[in-house]
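Student: I would like to learn how to read the features of a protein structure. May we go through one example together?
Tutor: Certainly; please look at the structure below, and then ask about whatever draws your attention.

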Amino acid sequence: MKIKFHIKKLGTFLLVLSIGLSSFAQNQTINGTVNGEDASALPGVTVVVKGTTHGTVTDASGEYVLSDVPKDAILHFSFVGMQAQDIPVEGQSVINVVLRASDIGLDEVVVVGYGTQRKSDITGAVASVGQDRLEQIPNTNFAQALQGAIPGVTISTNSASAEGGNMSIMVRGRNSIEASNTPLIVLDGIPYSGSISEINPDDIQSIEVLKDASSAAIYGSRGANGVILVTTKRGKTGKPTINYNGYYGIQEIASLPDIMDGEEFWQFKNTRNPEQITDSEREVYESGQWTDWIDVTTRTGKKQQHTLSLSGGTEKMNYFVSGTYLDVEGVAVGDDFQRYSTRFNFEAEVTDWFTLGSNTLLSLADRGGFAPNWSGGTAGAFWMNPLTKAFDENGEPTIYPWPEDVYWGNPLAGTLADSKDKRYKVFTNNYAIVNVPWVPGLQYKLNTGIEYANREQASYYGRNTKDGLENGGESSVTNRVDNDYTVENILSYTNEFGAHKIFATALYSYQRSGYEWHRTDAQGFPNDVLTWHQASTANLVTPSSSFRKETILSQMLRLNYSYDSRYLITVTGRRDGYSGFGTNRKWGTFPSVALGWNIANESFFSDVEFMNQLKLRFSYGENGNQAVGPYETLARLSERSYLDGTSTAPGYRPTKLGNPDLGWEATKSFNFGLDFGFFDGKLSGSLDVYNSDTYDLLLDRSISPVHGITSITENIGKTNNKGIELMLNSYNVQNDNFTWTTSATFSYTKNKIVGLYGYLDEDGNEIDDLGNRWFIGEPIRVNFGRVFDGIWQLDDDIENSAQPDAIPGDAKIVDQITVDTDGDGIPDEADGVINDDDRVIQGQRDPKVMWGLTNTLKYKAFSFTFFLHGMHGHKKSNSLMTDNVWSSRRNTTQKNWWSEDNPSNEWIGNSEDNQTHGATFIESAGFVRVKDVTLSYDLPTSLTSKIGFNKLRVYATGRNLMTFTNYNGLDPELSGDRSVPLQKEYLVGLILGF
């Protein structure tokens, strides 16, 4: 390239000499600097005289020099991922340029599964999250970047562990009653089954979510819950680029319920059970040195991550290599997580028609260390009596914090255990592409994938813990190996002729997956020296194991057709065969069709100046939920050994009936969509309305127990989902020094059960399943129980009420209207008795409304981003309201208890005689959270270039800073009220590029 450039300069010089000095004076030399909108230098920007091949590229400092430029020329500045600019020379000798990042525009391509498409040609509901969103805020996993960024995608944090991987993901709500509602994740074209915490977000280029049935139909029996396509980074043509991204931060508990301290617990117990106060409790209380168990089991958490990457390429090859170290010490003592990962992506064009590539991830996730027990068993920190001792006189955790009640162990026992939990993972995608030379546009791709994981877990509780002391040492050793293999044959054909454009794809694939699991539990060791390594010396050794293998064969055909970029159609058909389906139902076919109309490209729309984009979309399709386990269709026996004389003999009993007709759950879905853009893209967005019917649900039907089996799994039942999704992006202010952009998402989802087992009552109405709390016409997950209506007071007429056995201070229950007195079939009167008929539905447990709001303000080199997130329309039970404290042996929250001197109407009296009478304590779980706030600064190019960098950014981020909610439990988003509390994070970071 440099030789050609110098030859061109020499030719220009000779030409100038031949035509004379006057002609030479008409041309000039232009120089300048090209920066991004964040003021960072942009190396490798192409600068050419428009309409010619005469040009240059910017150097590492973003600077360029271009000689022999006509005074009336126009310079064209272009760079991948940036909006190109044309600038007239008009006699200028210095031209500095700021290139703005290019959003995914109509001509940009997005991943749609087994290929890519221009966004303007997409007919389905496909949402994309680009690299800018992923890099905007430091995330432990990519699900955190998706939260609130895509309408219709529900992401909830189930527990606040150090790993941060326990997050539930749903696309367009809950379709299935008992089967999984988790979407299929496809990493670099290969289905991914591992933990999302093992994928480094810094390695991700883009994420696409296939939401409607038409888009996800290409994944057939696994696409009913939506598909998330994750594409990792590739190298770009140009000189090697090294980037570093690192941050360090601390974590603190965001909020805690009002758990009673020692003084409050003493008063609580002294009122409730004064005769049961023990000597050790009295001693602790009188000393004033009671234990705050939440405090001793938590700490200030620490978090750091460092990523170093190298990327680059030539015209024939590109590469991307990265290494990452993540270290998190959670807010719970002993809750630690480390991840070591490396990625190597490369692609080489061996010949004009043959290309090889590989995308490989190697990782080690270390989850060693036990967090304290929080909620259950014999040592829950939330339950623990504060009038006990956490440490002995030597500063070591006590074995029995409460000497008179040895049922309770120390919640810190896990921190004394020897432990190991390491997962070694290989995920590699290797492919070969053949562009058939004699058929232009025809391409064959052999795509292969291997996912291998080996998890080694071991623990040992010695005699310094309750379980270890009582069992003479206790160990557990587990080893699990997961194997997934994928081979795909993909044939595609692309052609344009006149106004017509076609893109056809054919697929034949094979996938095999499974695992093997072995575990050995042991008790009764001679000593604690060799921990789990001496299981052979234990008095009791219990081995167990498990094995699973399943296979999928698939064929798929897809045709995309576009006429004049105005009229679009996509037709897809996929056929899956799954080893786990019944013998009569091994194969399933999943068709779909989608139509699109780019109205903005019509001639009659050319006069509409304020709108630059308008596209209508319609799709219909069918997907499956492959929720059948590989052996669910087979009749099975379980071990039931028996005593034969003085020896044990193996025996078996039937536990499962076979069902050769068992298959997948299926979802049929309609989607209407509208894409729009106003004022040259300053305001753009999309609106989608959908309706989905899921049938052949996998439910357990009750049968006669004559065979010793009480149920059989069948494809029965039906649910319905419908909703609205809106996404808006706007450039509110945009000038040379200041920009303000906003991204907003909103979604409304409603699901209901349409049918269950088909059992009818005497009026011909289908019967609900009260035991599982499934109700025809109601959402899948609801709160169901008696309604709390305050407290019975001293002057209330209890004797003549529906609760004549109640006493003042008891919970008052709503006597529901259940009796039809006038025979019109509509209940109009209460029956005067509190029983099971007074249980009612009290709201759904899944949110109806979700939204996210991101604002980014940039002033020169400063950038400020804040993200708000909210969920509404759902309720949940607050388990902290219970006073089931086992005769004051367990702690609870401080409450405004009723008494004769304090006739509260909030909570029952502080006495074991006072009852809740089965009331459920349901609270609104809606919330608004200040999720992320980031302030960053990019050092000027004039400074970074002097020290050899092309980019240097420092930033500070706060996460989970504030939550606004009426829920009084631990947190409205977490699945439990006695688990590791949600944490705030405060991070500082540095990004370098050179």
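Student: Is Arg959 buried or exposed?

Tutor: Please keep in mind that this is a predicted model. The term "buried" applies to a residue under 20% relative accessible area. Arg959 has a relative accessible area of 5%, and therefore counts as buried.

Student: With which residue does Arg959 form a salt bridge?

Tutor: The partner is Asp932, and the closest N and O atoms of the two are 2.6 Å apart. Asp932 belongs to strand E52 (residues 927-938) and Arg959 to strand E53 (residues 951-965), so that the pair links distant parts of the chain, 27 residues apart. Asp932 is buried as well, because its relative accessible area is 4%.

Student: How many salt bridges does the structure hold?

Tutor: There are 45 salt bridges in the structure. One of them joins Lys615 to Asp675, with 3.8 Å between the closest N and O atoms. Because Lys615 lies in strand E29 and Asp675 in strand E34 (residues 665-678), this pair ties together parts that are 60 residues apart in sequence. Both Lys615 and Asp675 are buried.

Student: Where do Asp883 and Lys895 lie?

Tutor: Both lie in the loop between strand E47 (875-877) and E48, so their pairing ties together parts that are twelve residues apart in sequence. Asp883 and Lys895 form a salt bridge in which the closest N and O atoms are 2.9 Å apart. Asp883 is buried, with a relative accessible area of 10%, and Lys895 counts as buried at 11% relative accessibility.

Student: How should one read the burial pattern of a helix, and which residues of helix H7 are buried?

Tutor: One asks where the buried residues point around the axis. In helix H7 (residues 279-287), the buried residues are Ser280, Glu281, Val284 and Tyr285. They lie on the same side of H7, because the arc they cover around the axis is only 135°. Asp279 and Glu286, on the other side of H7, are exposed. Just after H7 comes Gly288, which takes a positive phi of about 75°.

Student: What covers the buried residues of H7?

Tutor: The cover includes helix H6 (262-272). In H6 itself, Gly262, Phe265, Trp266, Phe268, Lys269 and Arg272 are buried. These residues fall within an arc of 165° seen down the axis, so they line one face of H6. Among the elements that cover them are H7 and strand E48 (897-898).

Student: Which residues make the nonpolar surface patch of about 460 Å²?

Tutor: The patch is made by Tyr563, Tyr567, Trp597, Phe604 and Leu616. Leu616 is placed in strand E29 (residues 611-625). Its relative accessibility is 37%, and so Leu616 counts as partly exposed.

Student: How does one judge the chain as a whole, and how many helices and strands does the protein chain have?

Tutor: The protein chain has eleven helices and 54 strands. Its radius of gyration is 33 Å, close to the 30 Å that the globule rule gives for 994 residues, so the chain is as compact as a globular protein of that length. Along the principal axes, the C-alpha atoms fill a box of roughly 115 × 70 × 70 Å.

Student: What share of the residues is buried?

Tutor: Of the 994 residues in the protein chain, 49% are buried. The accessible surface comes to about 44,300 Å², and carbon and sulfur atoms account for 54% of that surface.

Key:
Residues numbered from 1 in each chain as written. Predicted model: local features only at pLDDT ≥ 70, side-chain atom pairs only at ≥ 80, totals over all residues. Heavy atoms only, no water. Patch = residues over 30% accessible without salt bridge, like charges linked within 9 Å, V, L, I, M, F, W, Y side chains within 5 Å. Areas by Shrake-Rupley, 256 points an atom, 1.4 Å probe, with all protein chains shown as cover. Salt bridge = Lys/Arg side-chain N within 4 Å of Asp/Glu carboxyl O. Helix = DSSP H or I, 4+ residues; strand = E, 2+ residues; numbered from the N terminus. Buried < 20%, exposed > 50% of the residue type's maximum accessible area, 1.4 Å probe, protein only. Arc of directions from axis to C-beta. Contact = heavy atoms within 4.5 Å. Rg over C-alpha atoms; globule rule 2.2 N^0.38 Å.
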